[in-house]
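Here is a colleague's note to read alongside the model. Please keep the sequence and the 3D view open as you go through the points.

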Amino acid sequence: MDIQFVAATAGLSPKSALARIVFEGAALEGALGQAAAASRFTGGKGQTLDILAPSGVDAARLVLVGVGKPAGFDSLGVENAAATAYNAVKASGLTTLRIELPDTGAEPAARAALGVRLASYRFDKYRTKEPADKKPSIVKTEVVAGDADAALKAFAPHAALADAMSFTRDLVSEPPNVLYPTEYARRVKALESLGLEVEILGEPEMTTLGMGSLLAVGQGSIRESQLVVIRWNGAADKSAQPIAFVGKGVCFDTGGISIKPADGMEDMKWDMGGSAAVAGLMHVLAGRKAKVNAIGILGLVENMPDGNAYRPGDVLTSMSGQTIEIINTDAEGRLVLADAVWYCQDRFKPKFMVDLATLTGAIIIALGHDLAGCYANNEELAGSLITASNTEGEPLWRMPLPAAYDKNIDSMIADMKNTGGRPGGSITAAMFIQRFTNGVPWAHLDIAATAWRKPSTSPTSPDGATGYGVRLLNRMVAEKYED
Ligand code: BES
Ligand code: MN
Ligand code: ZN
């Protein structure tokens, strides 16, 4: 999508759609008022009214976008309105979308552009037969701004975010025969062009480190497991203590020997969504040259049934030295994180660690699809995550870590077992990871319900990969942890 900021007086191409914002209950004059009355358009949030060949306007199409009351029209509202306008005309055959906002300041203009960038994301590389008239036709968006140069400047960090979220969404959307651990690691390695340092550990290196927990998960796969370490050293003091992010990267989760039912198993290609969010975060930090030292660690494996696969009943020795009895090979994400989180604190001594994982079906049952679960052993960290999540429209809900539940993962034969039963399944999964944090400030985001949405419920997120987590973490870093 070509994004431009233009003056209100700039000429409109004849193949343009013009979008205007309408507040709830605002009076519309003449023909527009009649059109509104004929279609129940009142300016309510999310409503649109599409007018073809409007008279008195130099555009082929006029889209009125309802945004509700003026008081509720915040920056996310601007993004959503712009995205809604784009969605309304994207396949209209017109090639340009012009957006007029009530406030032509640089920041609102930039946010509108972000909304269109996010909404126009598409993953169509494997579609060879889509009819031309079904493909999006809008290739250019012009946002009217009082000062076009200032708007372009204000857009830079938002463009970095959109690029990073596209990277995350691409990783999540790729099929599992294409995106297996070594291919994933290669794609992350390519981010060195942004100024990131990327180190890849293979199975021999992880064996030397004693990562018996992570390695067991990948043991049934013909694909080699990988641990990817991404570094961004943007702080003035290059030796300042870093902040760290760790992601579950199960490139495909069959469940292993405790195999999953066939129905819906294809969804388990996006069981690497936590790691993709971490990769996207590192992408945006580098893209906008954030003044922070940050580490991103991705634990990449494929969980397959096989003659060599790990079994229920196996006892694993993790890098921490703690032993784990396997009850269910489908509770594999926590095993990957156990070693990745331990390695993270052991090597980097970070200020805090945040892990992201499509960890449990239980979090979907607990919170539904609009909220991700947030677990934390530290109030300040939980607070900054939740504040950021609300401003960015990626809502989090704090979940408890009740000490009394910890015994649910005690084992008769080892230090712990890898499942604590169905009750509170997302809580005991979090408490399993907690045993590998070594007391470092830590938060765990269970994003099983939010990494992939179909159907989508947000105008800025097409069906499929959402990129959930990148925005909220980027915001948290920007607000609290930069020089
Ligand atoms: N990757 C799944 C969790 C998941 C489920 C993510 C649905 C997205 C959508 C995870 O590895 C898993 O299988 N968890 C099990 C744990 C159980 C065996 C204790 C679950 O949630 O059922
Ligand atoms: Mn699983
Ligand atoms: Zn999984």
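1. How are the donor residues of the zinc ion (ligand 3) spaced in sequence? They follow the pattern K-x4-D-x17-D-x60-E, and you can trace this pattern along the chain, bearing in mind throughout that this is a predicted model.

2. The residues behind that pattern can be named with their donor atoms: the zinc ion (ligand 3) is coordinated by Lys248 through NZ, by Asp253 and Asp271 through OD, and by Glu332 through OE, at 2.0 to 2.4 Å.

3. The geometry of the zinc site deserves a careful look, because the six donor atoms around the zinc ion (ligand 3) subtend angles of 78 to 175°, and this makes the arrangement octahedral. As a reference for the eye, ideal angles at a metal with six octahedral donors are 90 or 180 degrees.

4. The manganese ion (ligand 2) has as its protein donors Asp253 (OD), Asp330 (O and OD) and Glu332 (OE), which lie 2.0 to 2.2 Å from the ion. Along the chain, the donors of this manganese ion are spaced D-x76-D-x1-E.

5. Is the site of the manganese ion (ligand 2) octahedral or irregular? The manganese site has six donor atoms, with angles among them of 71 to 166°, and is classed as irregular. For six donors to count as octahedral, opposite donors must be over 155 degrees apart and all others between 65 and 115.

6. The two metal sites should be read together, since the manganese ion (ligand 2) and the zinc ion (ligand 3) are 3.1 Å apart, with Asp253 coordinating both. Glu332 likewise appears among the donors of the manganese ion and among those of the zinc ion.

7. Turning to ligand 1, a shell of 17 residues surrounds it, and the closest are Lys260, Asp271, Asp330, Glu332 and Gly361. By class, this shell holds seven charged, five polar and five nonpolar residues, and ligand 1 itself sits in the largest pocket.

8. Several polar side-chain atoms approach oxygen atoms of ligand 1: one from Lys260 lies 2.8 Å away, one from Glu332 also lies at 2.8 Å, and an N or O atom in the side chain of Asp253 is 2.9 Å away. Of the 510 Å² of accessible area that ligand 1 has on its own, the protein covers 77%.

Terms used. Residues are numbered from 1 along each chain as its sequence is written. Chains are lettered from A and ligands numbered from 1 in the order in which they are written. This is a predicted model: local features need pLDDT of at least 70, side-chain atom pairs count only at pLDDT 80 or more; totals for chains, interfaces and linings use all residues. Side-chain values use heavy atoms; hydrogens and water are left out. A residue is near a molecule or strand if one of its heavy atoms lies within 4 Å of it. A polar contact is a pair of N or O atoms within 3.5 Å; within protein, one must be able to donate a hydrogen and the other to accept it, and residues adjacent in sequence count only if both atoms are side-chain atoms. Accessible areas come from the Shrake-Rupley method with a 1.4 Å probe; for residues, only the protein chains shown count as cover. On a 1 Å grid over the protein atoms alone, a cavity is a set of points where a 1.4 Å probe fits but cannot get out, and a pocket is an open set with protein on both sides within 12 Å along at least five of seven lines; lining residues have an atom within 4 Å of a point. A molecule sits in a cavity or pocket if more than half of its atoms lie within 2 Å of its grid points. Ala, Val, Leu, Ile, Met, Phe, Trp, Tyr, Cys and Pro count as nonpolar, Asp, Glu, Lys and Arg as charged, and the others, Gly among them, as polar. Donors are N, O and S atoms within 2.8 Å of the metal (3.2 Å for Na, K and Ca); water is not among the atoms, so sites may look incomplete. Four donors count as tetrahedral if all angles lie between 85 and 135 degrees; four count as square planar and six as octahedral if opposite donors are over 155 degrees apart and all others between 65 and 115; anything else is irregular.
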